Amino acid sequence: MSSYLFVILGAVLVNNVVLVRILGLCPFMGVSKKLETAIGMGAATTFVLTLGSGTSYLIDHYLLVPNDLAYLRTLSFIVVIAAIVQLTELVIHKTSPLLHQVLGIYLPLITTNCAVLGVPLLNVGLRHDLFESLLFGFGSSVGFTLALVLFAGIRERLDGADVPAPFKGTAIAMITAGLMSLAFMGFAGLDRFQ
Amino acid sequence: MLTALLVMTGIALVLGAALGFAAIFFKVEGDPLVDNIDAILPQTQCGQCGYPGCRPYAEAIANGEADINQCPPGGEEGIRHLADLLGREFKPLDEEHGVEKPKSVAVIDEQICIGCTLCIQACPVDAIVGAAKQMHTVVESECTGCELCVAPCPVDCITMEPLKETVKTWKWKYPVIQIKDAA
């Protein structure tokens, strides 16, 4: 049981997908200007990433590995993820127009989020089983959301700060992201207690 | 090799079928009222109503956010049609958004044009052709007469000229007969 807890905790803090593995930087820099959109993007990514991890595991385990087709992983995973994103958008549009309006353009954008492809590939590398894959996907996306929301909060404060002219805008955001990344490296010791 | 092709084709077929099925199963009906309102609006995309185009204005009317008398190019006739469709009272055009003018098209004085492309960027319907430092010209059949290109021109070479009445554009004018005072 505690090993499952460590999978989640490890994915959220120790190996945070954005700040430690440096995946999914595009939405991390792109949609972190406002706290609201950051939360929306985080929620959409959580849904897709969890579902994508599970489906990718099934495809890999029952279709690719038995047929000795491991080299097709990247290709088939991205196809599956794209389809899941489209499906999710259709379903959300029908069942909850309000949520669809909140997520808006961020929903289709998830297709191009490299964290969503990276996590299923990491799952294969770490030899996770189905349940662990789902947990790892969920944990990673929670970590993604956490990093995004924290960063959005900082950037909202940065707007009002007196930043030297050469560092204004993206430059100071990059430096902030680097400092956050450093801070998250501090969690690296946590997994010793495993 | 063959299994690889088969597996990829299989995945693509299954996902494609699932998406196709979902597209039908989860189809969302658009609001037909918006379409009907949009059909009445003149599609000049001029933005004089305060919305970025005719469709957004139609949506605003349907949601009850905008009044029906904010469209100068549509004129009184347009407002009458909207009033009929929505079952509201006719009201005169809101002067705040502009006054009704005869339908006209933009004409570029090609002697003066410096080829700055500012009017091309302003045109909502891509009716202006030309390139940087090349003379521009207006495609008359595409121009909606929205006047958005007039303001950005740095050399004031764009004028609005009323469309001449031709056999195709002629419309029967409602005869208005002044009732003379019984003197």
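**Helical architecture, core and interface of chain A**

In chain A, residues 24 or more positions apart account for 80% of the contacts with a separation of 6 or more. The model examined here is a predicted one, and its chain A contains nine helices and zero strands, so that, by the definition of these elements as DSSP runs, the order from the N terminus on reads α-α-α-α-α-α-α-α-α. Of the 194 residues in chain A, 38% are buried.

The largest nonpolar core comprises 43 residues, and those with the most contacts inside it are Val18(A), Val116(A) and Leu148(A). Two or more residues are given to this core by each of helix H1 (2-14), helix H3 (35-64), helix H4 (73-95), helix H6 (106-109), helix H7 (114-125), helix H8 (130-159) and helix H9 (170-185) of chain A. Among these elements, H8(A) gives the most, with nine residues. In soluble globular proteins, nonpolar side chains tend to be buried together.

Helix H7 of chain A was considered in further detail. For its 12 residues, a rise of 1.5 Å a residue leads to an expected span of 16 Å, and because the end C-alpha atoms of H7(A) are 16 Å apart, the expected and computed values agree. The buried residues of H7(A) are Ala115(A), Val116(A), Leu117(A), Val119(A), Pro120(A), Leu122(A) and Asn123(A), and the buried residues of this helix pack against H3, H4 and H8 of chain A. Val116(A), which is one of the residues with the most contacts inside the largest nonpolar core, is in contact with Thr45(A), Val48(A), Leu49(A), Gly52(A), Ile81(A) and Ile110(A) when its neighbours within four places in sequence are left aside. After H7(A) comes Arg127(A), whose phi is positive, near 55°.

Positive phi values were also examined in loops of both chains. Ile22(A), a residue other than glycine, has a positive phi near 55° and lies in the loop between H1 and helix H2 (25-30) of chain A. Ile22(A) is partly exposed because 15 other C-beta atoms lie within 10 Å, a count that falls between the limit of 12 or fewer for an exposed residue and that of 20 or more for a buried one. Although Ile22(A) and Cys114(A) are 92 residues apart in sequence, their C-alpha atoms are 9.8 Å apart in space. In chain B, Glu147(B), likewise a residue other than glycine, has a positive phi near 70° and is placed in the loop between strand S3 (137-138) and strand S4 (158-162) of that chain. Glu147(B) has 19 C-beta neighbours inside 10 Å and therefore counts as partly exposed.

The contact between the two chains takes 14 residues from chain A and 13 residues from chain B. On the side of chain A that touches chain B, the largest share, 10 residues, comes from H4(A), a helix that also gives two or more residues to the largest nonpolar core. By residue type, this side of chain A divides into nine nonpolar residues, four polar residues and one charged residue.

Terms used: Residues are numbered from 1 along each chain as its sequence is written. Chains are lettered from A and ligands numbered from 1 in the order in which they are written. A nonpolar core is a set of buried Ala, Val, Leu, Ile, Met, Phe, Trp, Tyr and Cys residues joined through C-beta atoms within 7 Å. Helices (H or I, at least four residues) and strands (E, at least two) are DSSP runs, numbered from the N terminus. Two residues are in contact if their C-beta atoms, placed from the backbone, lie within 7 Å. The expected span of a helix is 1.5 Å times one less than its number of residues. Ala, Val, Leu, Ile, Met, Phe, Trp, Tyr, Cys and Pro count as nonpolar, Asp, Glu, Lys and Arg as charged, and the others, Gly among them, as polar.
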